[in-house]
Amino acid sequence: MASTTRITVTLPSDQVAELRKLTDNVSGYVAEAVARQIRHQLLGDDLRRHEEEHGGFTEEELAEARAKIFGTAGTTQRTDAA
């Protein structure tokens, strides 16, 4: 079993109400969300480092990555508003 540490987190009341509708295990739900966010942050850091060392990704590389992540249905060109 993984080691745990008890902490106190303050959230807006409306978020807590929605959390309780979604799950009986708020701690587990939050732990999964935090783990997902950490993975997202680490992946972003790795991608930035790669681009700094090797230059930006080509359209072909991006299309290949999309195909691997989303399958062939995800290979259509998308523009993100970010």
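**Entry 1: helix H2**

I started with helix H2, because its length is simple to check: its 29 residues at 1.5 Å a residue should span 42 Å, and the end C-alpha atoms are 42 Å apart, which agrees. The expected span here is 1.5 Å times one less than the number of residues in the helix. The model is a predicted one, in which local features need pLDDT of at least 70 and side-chain atom pairs count only at pLDDT 80 or more, while totals for chains, interfaces and linings use all residues. Residues are numbered from 1 along each chain as its sequence is written, and side-chain values use heavy atoms, with hydrogens and water left out.

I noted that Gly55, just after H2, takes a positive phi of about 85°.

**Entry 2: the chain as a whole**

I looked up the elements next and found three helices and zero strands. Both kinds are DSSP runs numbered from the N terminus (helices are H or I, at least four residues; strands are E, at least two). The order from the N terminus on is α-α-α.

I also looked up burial: 6% of the 82 residues in the chain are buried. Buried means under 20% relative accessible area, exposed means over 50%, and partly exposed lies in between, with a 1.4 Å probe and protein chains only.

**Entry 3: the loop before H2**

I went to Thr23, which sits in the loop between helix H1 (13–22) and helix H2 (26–54). Thr23 counts as buried because its relative accessibility is 18%. A polar atom of the Thr23 side chain lies 2.9 Å from the backbone nitrogen of Asn25.

**Entry 4: salt bridges**

How many salt bridges does the structure hold? I found four. The criterion is a side-chain nitrogen of Lys or Arg within 4 Å of a carboxyl oxygen of Asp or Glu. Side chains of opposite charge can pair when their charged atoms come close. I wrote down three of these, as follows.

In H2, I looked at Arg48 and Asp45, whose side chains meet in a salt bridge at 2.8 Å, N to O. Arg48 and Asp45 are three residues apart in helix H2, about one turn of the helix. Arg48 is partly exposed, with a relative accessible area of 45%, and Asp45 is partly exposed at 25%.

I then checked Asp46, which forms a salt bridge with Arg49, with 2.4 Å between the closest N and O atoms. Asp46 and Arg49 are three residues apart in helix H2, so about one helical turn separates them. Asp46 counts as partly exposed because its relative accessibility is 43%; Arg49 is partly exposed, with a relative accessible area of 43%.

In H3, I found Glu64 in a salt bridge with Lys68, the closest N and O atoms being 3.3 Å apart. These two are four residues apart in helix H3 (residues 59–70), so the separation is about one helical turn. Glu64 counts as partly exposed at 46% relative accessibility, whereas Lys68 counts as exposed at 66%.

**Entry 5: H3 and the loop before it**

I checked the length of H3 as well: it has twelve residues and reaches 16 Å from its first C-alpha to its last, close to the 16 Å expected at 1.5 Å a residue. Gly71 follows H3 and has a positive phi, near 80°.

I looked up Phe57 in the loop between H2 and H3. Phe57 is partly exposed, with a relative accessible area of 27%. Its C-alpha atom is separated by 9.5 Å from that of Leu47, ten residues apart along the chain.

**Entry 6: the largest pocket**

Which residues lie nearest the centre of the largest pocket? I listed Ile7, Val9, Val26, Ser27 and Val30, out of 14 residues that line the pocket. H1 and H2 are the elements that give two or more residues to this lining. H2 gives the most, with five residues.

By residue kind, I noted nine nonpolar, three polar and two charged residues in the lining. Here Ala, Val, Leu, Ile, Met, Phe, Trp, Tyr, Cys and Pro count as nonpolar, Asp, Glu, Lys and Arg as charged, and the others, Gly among them, as polar.

For the pocket itself, I used a 1 Å grid over the protein atoms alone and a 1.4 Å probe; a pocket is an open set of points with protein on both sides within 12 Å along at least five of seven lines, and lining residues have an atom within 4 Å of a point.

Terms used: A polar contact is a pair of N or O atoms within 3.5 Å; within protein, one must be able to donate a hydrogen and the other to accept it, and residues adjacent in sequence count only if both atoms are side-chain atoms.
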